[in-house]
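Here is a short report on a protein model. Look over the sequence and fold first, then read on.

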Amino acid sequence: MSPNALRLSLMMFLQFFIWGAWYVTAPRYLGTIGFEGTDFGWTYSVGPIAGILSPFFVGFVADRFFATERMIGLLHIVGGGLMIGSTVLMQQGATPTVINFVFLGHMLCFYPTLALTNSISMQNLEDTETQFPRVRVFGTIGWIAAGFVVGGLQWASSLNQFLLAGGAAVLLGVYSFTLPHTPPPNKGKEVSARELMGAD
C-alpha cells in the first residue's frame, strides 16, 4: 500500500469503528434507563433523518467552502463531543426524547462524513479502481473490531459503549487534520437545486 492509502485506511477504520461501537448494542443499555419501544424507534430514525439532510450540507457547504480533511475533522470533533455529552445526560436522568435529540446532533455530524471520507479517498489515491476497495474494506474491519471491543469488554449493557464511540470520533477528528490537503472540489461553482437534492 502507498503511504496515502495507509493513512486513508486508518481513517476508514475509525470512521466505521465509531458507528459500530454503539449502533447495534445501544438498546441493551438504553432499556435500563427508561427507553421504550417508541423511544428506540426514534433512536434508529435519527440516522436516516440525518442521511436525508446530509446531501444538502455536503453539496452546499463542504464541497464549496472547506477543505475536505478539515470538514471531516470538525464534524467528528463536534459529533464526538455530542456523543460524550449524551452520556452526561444519561447519568443525570434526562428523558429519552432529550437523549435522542443529542443522538440526532451526533448523526447530523456523522452522516456527511460518510460521503466526505469517500471523496477524500477518491481524490488522493493514485489508482482508485484498485486501491479504493482495499481502503474501504478497513471500514468494515473497523465495524467488526468495534463489536469485538464492546463484546470483549462486556460493554454492550454499559454507558462505556457511547464513551468509546465519542472518543473514537474525537480521535478521528484530530487525525483528519493530518490527512492530505484536499481543497473543496466545487469551490466557486454555482449551486443547483438538482445538486442540493442529491440527484447528481
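A salt bridge here is a side-chain nitrogen of Lys or Arg within 4 Å of a carboxyl oxygen of Asp or Glu. The model is predicted. By that rule, the structure holds one salt bridge.

**The salt bridge**

Side chains of opposite charge can pair when their charged atoms come close. The pair in this model is glutamate 69 with arginine 70. Their closest N and O atoms are 3.9 Å apart, and the cut-off is 4 Å. How exposed or buried are the two partners? Glutamate 69 has a relative accessible area of 3%, so it is buried. Arginine 70, at 49% relative accessibility, counts as partly exposed.

**Helix H5 and its end**

Helix H5 covers residues 68-91. It has 24 residues, and at 1.5 Å a residue these should span 34 Å. The end C-alpha atoms of helix H5 are 35 Å apart, which agrees. Just after H5 comes glycine 93, with a positive phi of about 80°.

**A nonpolar surface patch**

Six named side chains need a look at the surface: Trp42, Ile49, Ile52, Leu53, Phe56 and Leu108. Together they make a nonpolar patch of about 560 Å². Which helix gives the most to this patch? Helix H4, residues 46-65, does so with four residues. An α-helix has 3.6 residues a turn, so residues three or four places apart point the same way. Trp42 sits in helix H3, residues 37-43. Its relative accessibility is 48%, so tryptophan 42 counts as partly exposed.

**The loop before H8**

Helix H7 (128-152) and helix H8 (160-176) are joined by a loop that holds glutamine 154. Phi of glutamine 154 is near 60°, a positive value in a residue other than glycine. Most residues other than glycine have a negative phi. Glutamine 154 has a relative accessible area of 69%, so it is exposed.

Glutamine 161 lies in helix H8. Is glutamine 161 buried or exposed? Its relative accessible area is 0%, so glutamine 161 is buried. A polar atom of its side chain lies 3.4 Å from the backbone oxygen of tryptophan 155. Leaving aside neighbours within four places in sequence, the contacts of glutamine 161 include Ala21, Trp22, Thr25, Ala26 and Tyr29. Val150, Trp155 and Ala156 are also in contact with glutamine 161.

**Two other buried sites**

Alanine 169 is found in helix H8. At 1% relative accessibility, alanine 169 counts as buried. Not counting residues up to four places away in sequence, alanine 169 touches Ile18, His76, Ile77 and Gly80. Alanine 169 and glycine 139 are 30 residues apart in sequence. In space they are 14 Å apart, C-alpha to C-alpha.

Serine 9 is in helix H1, residues 3-20. At 3% relative accessibility, serine 9 counts as buried. Beyond four places in sequence, serine 9 touches Met1, Arg134, Val135 and Phe138.

The table sets out the accessibility values.

| Residue | Relative accessibility and class |
|---|---|
| Serine 9 | 3%, buried |
| Tryptophan 42 | 48%, partly exposed |
| Glutamate 69 | 3%, buried |
| Arginine 70 | 49%, partly exposed |
| Glutamine 154 | 69%, exposed |
| Glutamine 161 | 0%, buried |
| Alanine 169 | 1%, buried |

Note on methods. Residues numbered from 1 in each chain as written. Predicted model: local features only at pLDDT ≥ 70, side-chain atom pairs only at ≥ 80, totals over all residues. Heavy atoms only, no water. Patch = residues over 30% accessible without salt bridge, like charges linked within 9 Å, V, L, I, M, F, W, Y side chains within 5 Å. Areas by Shrake-Rupley, 256 points an atom, 1.4 Å probe, with all protein chains shown as cover. Helix = DSSP H or I, 4+ residues; strand = E, 2+ residues; numbered from the N terminus. Buried < 20%, exposed > 50% of the residue type's maximum accessible area, 1.4 Å probe, protein only. Polar contact = N/O pair within 3.5 Å; in protein donor to acceptor, adjacent residues only side chain to side chain. Contact = heavy atoms within 4.5 Å. Expected span 1.5 Å × (residues − 1).
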